[in-house]
Amino acid sequence: MRAVGTVLLLVVLATSVATGARRWRIPAPSLLVLAGLAVALVPGTPPLHIAPETIGLVVLPPLLYASAEELSLRDLRTVWRPVTVLALGLVLCSAAAVAGLAAALTPLPLPMAFVLGAVLASTDPVAVSALGRRLALPGRVQVLVQAESLFNDATSLVLFRVTVTVAVAASAFSWPGALGEFVLLAGGGSAIGAAVAAVVTLIRRRTADPVLETVIALVTPYGAYVLAEGAHTSGVTAVVVAGVLLGRSGHRHSDARIRLQLHAVYAVVIFLLESVVFSLVGLELPTMVRELPAGTGMWPLQALAVATLLVGLRVLWMLPLSTALRPSGGRPSWRIAGVVSWAGTRGVMPLAAALSIPLTAADGLPLPGRPLILVLTTAVVVFTLVVQGLSLAPLVTRSGLALEPEHTAREEQQARRQLAQAGLEHLDALAELEATPEHVLDRVRRNLQARLQHAEDTAEPDAGTPTLAAYLELRREVIEIQGTELHHLYDTHRISDTTRRRLQRDLDLEEAALGSR
């Protein structure tokens, strides 16, 4: 009962803090970490120990799935080259650099130094998505940061497994073995994720029950994760691939009511999980520090050195790649390199990996340096979430990369006009066919013309007239035409993914207001 009470208290605390963060316009992950630290430092607070299986199985799948669904596959095609370079090259370079620094500055033996490097080598998709959700970054920059954090998991996971094997069993390193494991993890996870997406798509085509659709959406990330882990591949990769594929085609297999309900349910789930998991990061650090052995009192400076090294390496790697983020190419940009580097934070996944390090070596003795790795990993995570998180929005504003609100409003206004025009053209075609009563066409036409003039039509259909059914059916038909036009605008790169999602939600709300068929 005490554990249940602690969890419930943590949910209440985290939800309250996250709500305050939204009101004060402070990044929620940063404030949640600080709140967790403050609670953990209160005298009498019991020590907190979180099993890595809890984070890996319960928390990560839905958060990763939601982040992957938000990823624009269209924009991903434009930045796949720099994403590949960062997901492979930067992860390997970061792991080697952190291992060398840790071996020089800390009492960690060399194998454990490489374990630390593998744990911190990749950015965290949960933290990146949570921090970047409110930033008005250009499409390519946002997609690069988010896609890199989603797809560098396979590289870092292989490195982590190899380094832990060497540290625990003192076995020899094998490049062919590491390459084979990478192919198994990344390729197998991708195949299972694609298969799960295909099965879910078939099921969703044959159901129109909002409750069942919601259950399927909640179960999908867990199913992909469990199947992949059971097949000894990457569960994270499977969840990401399933999320990207279903996010691209989900609007075709559900109606407005289902999409609105799914959005509402997932918004609540993601809010609660993110609130709790970032609070746990702050709560765990004091407990880990108290368990450090003697001779490790320099850990704050060591963690700061590691965090500085990771940011510096990202800047050096991003500078030549920044040309790919400019629409017209050109010279490397320090502004783009700086923003992308500062946006690449560490978070929940490195902490889960560090917690999964075995307690003992092959000879049964305690694994040397494990407590220090836990503290350094958590400290670097706290540093990136607090320092980088709180300063990221001002940095984006000063860099001049942030999209002006006028730009977003103008793009949305133009798209709305285009949708209204598409609806009017469809009505003109129906009028020529004389397949619909003229007074019904006029009623819908007036509604669309009012939208073109940026006015709101508050008139409701008269429920007592016999033309109500025809009016409602025609409105649904026009909304369907507008939805098709919306996705055409997106596919032809005339609007951003953010605008597409916002306008699709407006169409869904309008269709849902018409009632069921």
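Begin with the whole chain in view: among contacts between residues at least 6 apart in sequence, 82% join residues at least 24 apart. Keep in mind that this is a predicted model. Colour by secondary structure. You will find 21 helices and zero strands. Next, colour by burial. Of the 517 residues in the chain, 51% are buried. Switch on the surface. Its accessible area is about 23,800 Å², and carbon and sulfur atoms account for 64% of that.

**Stop one: helix H13**

Select residues 256–290. This is helix H13, with 35 residues. From first C-alpha to last, H13 reaches 52 Å, close to the 51 Å expected at 1.5 Å a residue. Now step along H13 to Glu-284. A kink of about 25 degrees lies there. The proline Pro-286 follows shortly after the kink.

**Stop two: the aromatic pair**

Stay on H13 and show the side chain of Tyr-266. How many aromatic pairs does a search of the whole structure find? The search finds one. Tyr-266 forms it with Tyr-65, and the pair is tilted. Draw a line between the ring centres: 6.0 Å. The planes stand 35 degrees apart. Tyr-65 belongs to helix H3 (residues 52–70) and Tyr-266 to helix H13, so the pair ties together parts that are 201 residues apart in sequence.

Are these two rings' residues buried or exposed? Tyr-65 has 2% relative accessibility and therefore counts as buried. Tyr-266, at 10%, also counts as buried.

**Stop three: Arg-500 over a ring**

Move to helix H21, residues 497–513, and select Arg-500. Which ring does its charged end sit over? The ring is that of Tyr-490, with the charged end of Arg-500 4.9 Å from the ring centre. Show the surroundings of Arg-500. Leaving aside residues up to four places away in sequence, Arg-500 touches Leu-486, His-487, Tyr-490 and Ile-495. Arg-500 has 9% relative accessibility, so this charged residue counts as buried.

**Stop four: His-232**

Finish at a loop. Select the stretch between helix H11 (210–230) and helix H12 (235–249), where His-232 sits. Check the backbone of His-232. Phi is near 60 degrees, a positive value in a residue other than glycine. Most residues other than glycine have a negative phi. Buried or exposed: which applies to His-232? At 58% relative accessibility, His-232 counts as exposed.

Methods:
Residues are numbered from 1 along each chain as its sequence is written. This is a predicted model: local features need pLDDT of at least 70, side-chain atom pairs count only at pLDDT 80 or more; totals for chains, interfaces and linings use all residues. Side-chain values use heavy atoms; hydrogens and water are left out. Helices (H or I, at least four residues) and strands (E, at least two) are DSSP runs, numbered from the N terminus. Buried means under 20% relative accessible area, exposed over 50%, partly exposed in between (1.4 Å probe, protein chains only). Contact means heavy atoms within 4.5 Å. Accessible areas come from the Shrake-Rupley method with a 1.4 Å probe; for residues, only the protein chains shown count as cover. The expected span of a helix is 1.5 Å times one less than its number of residues. The bend at a residue is the angle between axes fitted to the seven residues ending there and the seven starting there. Rings of Phe, Tyr and Trp (its six-membered ring) pair if their centres lie within 6.5 Å; planes under 30 degrees apart count as stacked, over 60 as edge-to-face and the rest as tilted. A charge sits over a ring if NZ of Lys or CZ of Arg is within 6 Å of the ring centre and within 35 degrees of the ring normal.
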